[in-house]
Structure formats: structure tokens, C-alpha cells
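Work through the exercises below with the sequence and the coordinates open. Try each task before reading its solution.

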Amino acid sequence: MTPAPPSGVLNRPAALVLAGRHRIRLWETVPWTLAIALYVAFPKYLAFGTELLITILFALSLDLVLGYAGIVTLGHAAFFGAGAYTVGILAKQGLWSEPITGLLLAAAMAAAVGLGSGLVLLRTRGLTLLMLTLCTMALLEEAANLAHVYTGGFDGLDSVPITPLFGRFEFNPLYPTTQYLYVLAVLFACFAFVRTLVYSPFGQSLTGIRENLLRMRAVGAPVRTRLVLCYTLSAAIAGIAGGIWAQANAYVNLGTLGLDRAATVLIILALGGHGRLYGAFIGAAAYMSLSHFLSKVYPTGWQLGLGLLLVVIALFANNGILGVVETLAHTLRRRRTGTPASPPGLR
Amino acid sequence: MIFGVDVASMLLGGVAAGMVLFIVSVGLSLTMGLMGFVNLAHGGFAMLGGYVIVQAMNHWGMGFAVALVLGFVITAAVSVVLERLLYSRLYRAAELDQVLLTVGLVFVMIASVTLLLGPENQPLRLPLALQGQIDLGIVKYRTYSIVLIATGLLLAAGLWLAFERTQIGAQIRAAVDNRRMAESLGINIARLFTITFAAGSGLAALGGGLGAEFLGLDPQYPLKYLVYFLIVVAVGGLGRVTGVFYAALLIGVLDFVLKKYLPQGGTAFIYGFTILLLLWRPQGLFGGQAR
């Protein structure tokens with residue numbers, strides 16, 4: 001228990017927001033209710049739902065580094081791929097095919113890659129950092145291509161054998177009911193972890209680093225250690241997303257490591273709104289449903305629309321869908337009460 | 001002697017590829033150096049220019065040289081419109097927004113080109129005079145590669161003169177080194193940037209057309225070669241004409257040699273080399289002081 005703040009402070013709106021923002025609100029149950037509703041009501045769409053939940057998990061891991069620590073990376077798929085290949089290779093070589101411990105191994109592998117690259121890359125900032133993340137991912141992709149004895153090279157690994165969950169529930173690629181619930185549970189656990197993390201003092205210091213690096217250095221915060229730790233944790237979660245993707249689809253290919261995947265997850269997070277936890281949910285749901293229904297019928301039109309949408313987001317809606325909603329709600333509230341509420345930037 | 005011929009022809013091929021890399025990437029280096037703008041759509045301008053040039057030659061019956069000029073002009077004009085309308089709003093914005101804007105532009109470019117001309121590769125038919133081989137004394141080599149090298153050298157010399165010996169070049173150098181100071185001295189950075197951006201995109205268009213013969217020209221071009229252009233800029237340094245020139249030659253030759261002797265791991269070697277280099281010198285091999 002933290003000691004109660006002195007009374008009087010809490011009467012100010014900003015202080016109220018700061019003191020209460022970690023509390024779980026009623027609407028936060030909505031995504032999980034919807035996820036369970038999808039399972040009950042639309043069993044046909046479970047394959048799509050599984051892919052969506054994995055994408056949310058991956059976007060959530062990016063939100064930690066991009067939205068909270070402010071590290072702009074174009075190479076986040078490196079960790080997704082590291083996790084996916086860990087699961088794929090271990091199972092294919094007959095070394096390890098139990099799903100839950102497999103995910104832990106995937107997380108450990110991705111975390112190791114994240115720690116190793118983070119230790120050297122995070123000494124730089126800006127354009128150099130962007131280039132280095134991009135090159136690291138490209139290097140991993142090339143390495144996976146070269147080690148085709150283990151990774152299957154360009155063709156990837158298919159029919160990756162995964163033992164049934166708890167020895168009972170089989171992963172069936174055609175009826176992915178097990179996968180769906182399994183992914184949902186893993187997403188929930190990871191989300192609970194990330195949510196706790198970003199509202200902890202550690203998460204606050206990450207936000208501080210994003211907002212004002214110089215000042216954080218001046219107050220004596222161990223900036224680099226925090227950034228590397230955050231990068232490693234995010235890599236581990238991305239590794240879990242990759243590992244679970246490999247388990248659910250029973251295959252791994254070079255696409256898990258590619259620029260396409262890294263750019264897509266960045267777009268998803270920007271679309272939903274970064275630095276807000278639920279941006280990953282909104283962005284992934286919006287992007288995946290649009291692409292699911294449009295990209296097959298009108299692939300070129302989809303790309304054109306997506307490009308225009310990105311331009312609009314970059315110019316007018318810096319914080320994606322959630323940012324726009326927040327600003328609208330803020331304006332409405334102010335109009336109704338006639339008093340300025342707390343600024344929407346406070347989150 | 002056979003070995004010498006081998007080395008010479010390999011160097012020529014690598015240098016020719018390097019020249020194309022230089023022509024495309026130099027504009028990227030200047031715009032990034034001037035404004036710190038992360039322009040991932042630069043390859044898109046190279047593609048647009050390439051398409052204009054190939055269309056002009058194959059369908060409108062223009063000569064290669066005229067088509068190149070047309071490609072330069074049209075692409076530069078398009079880039080000025082985009083710069084004034086879109087880029088200029090995000091000069092002081094966060095990196096993420098710049099990345100999103102330019103990735104969005106790349107998608108729009110790819111989709112528009114696909115809608116207009118389809119997803120196929122657009123073949124560049126070289127004029128007869130540029131086909132075949134030329135005897136250089138030591139070695140016979142493809143005429144077109146020699147022409148590319150000559151064109152690249154001419155452009156590099158022209159750019160060097162413009163950069164080092166003209167008023168505008170001096171202003172660009174000043175702005176790259178210290179933008180605030182240059183602004184306080186009354187240099188109009190926005191105008192300078194528009195000019196640089198247009199010229200850089202026009203040059204990229206030339207590179208797209210000149211390189212179409214061996215890089216190909218299809219809608220995926222801007223994404224396929226993005227990493228290469230960025231590597232050249234990162235190695236050469238931001239806002240440096242000479243740095244990008246040497247870097248492009250280095251990467252061009254390295255890529256050519258590695259593709260021949262290490263067809264499997266060649267690309268991986270270049271990525272690894274770039275990572276190590278950037279860790280050692282974040283400002284690039286030929287860049288100035290780190291900023």
C-alpha cells in the first residue's frame with residue numbers, strides 16, 4: 001500500500017487523474033467480453049480471431065517500446081521471428097514440442113536477441129537507431145535464409161508438430177478452438193503484465209524518457225538501463241507472439257522476420273493510437289477486419305486506401321483512432337460543463 | 001592476365017551499380033541532412049521517374065536522353081507539390097509521424113502505379129548505340145555500364161561543383177552543419193529545402209531510369225531497394241555529396257563482388273558491415289561531427 005497523498009492535492013483535476021489512472025475501469029472488460037462473444041457466436045471466424053489476438057499481442061509489445069519509451073523501431077519483427085523460429089526449430093528437430101514451455105523458450109530467445117541488440121543499438125538515437133533496427137532485422141532474416149538446414153530457408157518449416165495443450169487439447173488448424181482460447185489466455189496474461197508495468201514507477205520513468213530525455217538524465221535516472229530493460233521485455237513479449245503464431249499455424253516462414261510484418265505492426269499501432277495500451281486492440285481490430293475483407297477482393301485499392309489513411313493519420317491524427325476519440329470526448333465534455341477539463345494529453 | 005581481366009570487369013560492374021546507387025541516394029542524404037526528415041518514400045520518386053522514362057521511350061517514342069530529362073522534370077515537379085502540401089507540415093514533428101507519412105506515400109505510389117500500368121516489370125529498351133560491348137584495351141565490357149559510369153562521374157562532378165562552389169551549395173552546407181545558425185544569418189531554410197528536395201527527387205528519377213536495366217522496374221521497387229538506399233546514406237553520412245559518392249561506390253562494388261563469390265551470405269555481410277560501422281561511427285564513414 002502506498003501512503004495516502006495529502007488531502008487537498010486530490011481536489012485538483014490533474015492530481016485526480018494521476019492518482020486514479022491505474023485503476024481498472026468498467027469499460028476495460030469490453031475487449032475480453034467481445035473476444036469471448038466471438039468464440040461463442042462466430043465459430044467460423046475463429047481462425048481470423050486467433051490471428052487478430054496474436055496481432056494484438058505483437059502490437060502491444062511494440063506499444064511498450066514505441067508508445068511508452070518512445071523508441072521508433074522498424075525492426076520489431078526480428079523478435080517475432082526469433083520466437084517463431086525458436087518454437088518451429090525445437091519442435092521440428094524433435095527437441096521440444098510442449099506449447100506452454102515452448103512459449104517460455106521463445107520468450108527467452110527473443111529476450112536474448114533483444115538484450116544483445118538493445119545493449120548496442122540503444123546507444124544511438126533518431127535516424128541511426130531506425131537504420132540499426134532495420135539492419136538487425138534484415139541480418140536476422142538473411143541468417144534464417146542461410147541456415148536453411150534448420151529453418152527451411154525460403155520455404156520455411158511446415159507441419160511443425162506441437163503436442164496437445166495439457167496433454168489433452170489438440171491444435172487443429174481447421175477448427176482452431178483450442179488455439180483461440182489458448183491465445184486469448186496468453187494475451188490476457190501478457191496484457192496484465194504490460195498494464196501493471198506501464199503504471200509502475202518503471203513505466204513512469206519510461207514515459208519521462210520519452211517526453212524529456214535531458215531532464216530524466218538530469219534527475220539521475222539510469223536512462224540506458226531502463227531503455228534496454230524495456231526493449232528486452234518488449235522483445236520477450238513479441239517473441240511470445242511469434243512463438244504462439246508458429247504454434248497456432250503449425251508453420252514458420254521468412255515472412256515472420258520481414259519488413260512487411262514490422263511495417264504492418266507499426267501501422268496498426270499508429271492506427272489505434274500509441275502509448276495507450278488499448279490502441280493495439282483498436283488498431284489491430286480495425287486493420288485486420290479491413291484487410292481481411294478488402295485486401296483479397298481489391299488488393300490494390302486496399303493499398304491505396306491504407307496509404308492515404310496513413311498520410312491522414314500522420315498529418316491530422318497523431319494518436320490514431322483512440323486519440324481522435326479522446327479529443328472528441330474532451331471537447332464534448334467541455335462544451336457540456338462549460339469548464340476546461342484536464343488536458344487530453346494526460347494519460 | 002585472366003585474373004586481371006576478372007578483377008577489372010568485376011570492378012566495372014560494381015562501379016556502374018554504385019553510380020546508380022549514388023544518383024538515387026544523394027538526394028536522400030541531402031534532404032535528411034537538411035531537415036532531419038526521415039523520407040522513406042525516396043525510392044518511390046526513383047520508381048516514378050523510372051516509369052515516366054520507360055513510358056516515354058516505349059510508348060511516346062522519345063529518345064533515351066530526352067526521356068531522362070522528362071523524367072527528371074516531372075518527378076521534380078511532383079515532389080515539389082508533395083513537399084509543399086505534405087512534408088512541410090511535419091518538419092518539426094516526431095519521427096514516427098514522418099515515418100508514417102512517407103510509408104503512406106510509398107503505398108499510394110505503389111498502388112497508383114499498379115492501377116495505371118499493372119504489376120508487371122517494365123522493360124527498359126536501350127537504344128542500339130548503348131547495347132553491345134566496347135573494347136577498353138585491357139578488357140571488353142558492356143557499353144551501357146561504361147555509359148553509366150561516365151554519367152555518374154559527370155553528375156557527381158556537377159553536384160560537387162554546385163555544392164562547393166555556388167551560393168546555394170554553400171547555404172546547404174551551412175544549413176546541414178548548423179541549421180539554427182544558418183537561419184539566424186537569414187538563409188531561407190524552407191526555400192532551400194524545397195529546391196534541394198526537388199533536385200534530389202529529380203536525381204532519384206534519373207537513377208530509377210538509368211538503373212532500370214539491371215535493378216528492374218516494378219511497383220515493389222521502392223520497398224525492395226529501400227534498405228540499400230538507406231544503407232548508402234547511413235554509410236556516406238547525412239548531407240554529404242562526396243560521402244554518399246564514396247559510400248555508393250563502396251556498397252556497389254562490395255555487393256557485386258560478394259554476389260559473385262558469396263552468393264549466399266553476401267547481403268548478410270553488407271547488413272553486418274553497416275551495423276558495425278554505424279556503431280563505430282553513428283554519423284557514417286564520411287559524415288562530419290555526430291549530431
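The exercises go from confidence to the interface, the core and chain B.

This is a predicted model: local features need pLDDT of at least 70, side-chain atom pairs count only at pLDDT 80 or more, and totals for chains, interfaces and linings use all residues. Residues are numbered from 1 along each chain as its sequence is written, while chains are lettered from A and ligands numbered from 1 in the order in which they are written.

**Exercise 1. Find the mean pLDDT of chain A and the elements with the lowest and highest values.**

Solution. pLDDT is the predictor's confidence in each residue, from 0 to 100. Start with the whole chain: the mean for chain A is 85, and 94% of its residues reach 70 or more. Next, go by element, where helices (H or I, at least four residues) and strands (E, at least two) are DSSP runs numbered from the N terminus. Helix 1 (residues 13-20) of chain A has the lowest mean, 74. Helix 11 (residues 223-249) of chain A has the highest, 93.

**Exercise 2. Describe the side of chain A that touches chain B.**

Solution. Contact means C-beta atoms, placed from the backbone, within 7 Å. First, count: 32 residues of chain A are in contact with 36 residues of chain B. Then assign elements: helix 6 (126-146), helix 12 (259-272) and helix 14 (299-316) of chain A each give two or more residues. Helix 6 of chain A supplies the largest share, 14 residues.

Now look at helix 6 of chain A alone. Its 21 residues reach 30 Å from first C-alpha to last, close to the 30 Å expected at 1.5 Å a residue; the expected span is 1.5 Å times one less than the number of residues. Of these 21 residues, 17 are buried (20 or more other C-beta atoms within 10 Å of the residue's own; exposed is 12 or fewer, partly exposed in between).

**Exercise 3. Which residues have the most contacts inside the largest nonpolar core?**

Solution. A nonpolar core is a set of buried Ala, Val, Leu, Ile, Met, Phe, Trp, Tyr and Cys residues joined through C-beta atoms within 7 Å. The largest has 202 residues. Its most connected members are Leu57(A), Ala110(A), Ile240(A), Leu310(A) and Val232(B). By element, helix 1 (residues 2-35) of chain B gives the most, 16 residues. Finally, list partners of Val232(B): leaving out residues up to four places away in sequence, they are Leu21(B), Ser25(B), Val244(B), Ala247(B), Ala248(B) and Ile251(B).

**Exercise 4. Summarise the secondary structure and burial of chain B.**

Solution. Count elements: twelve helices and two strands. Then check burial: 50% of the 291 residues of chain B count as buried.

Note on methods
Contact = placed C-beta atoms within 7 Å.
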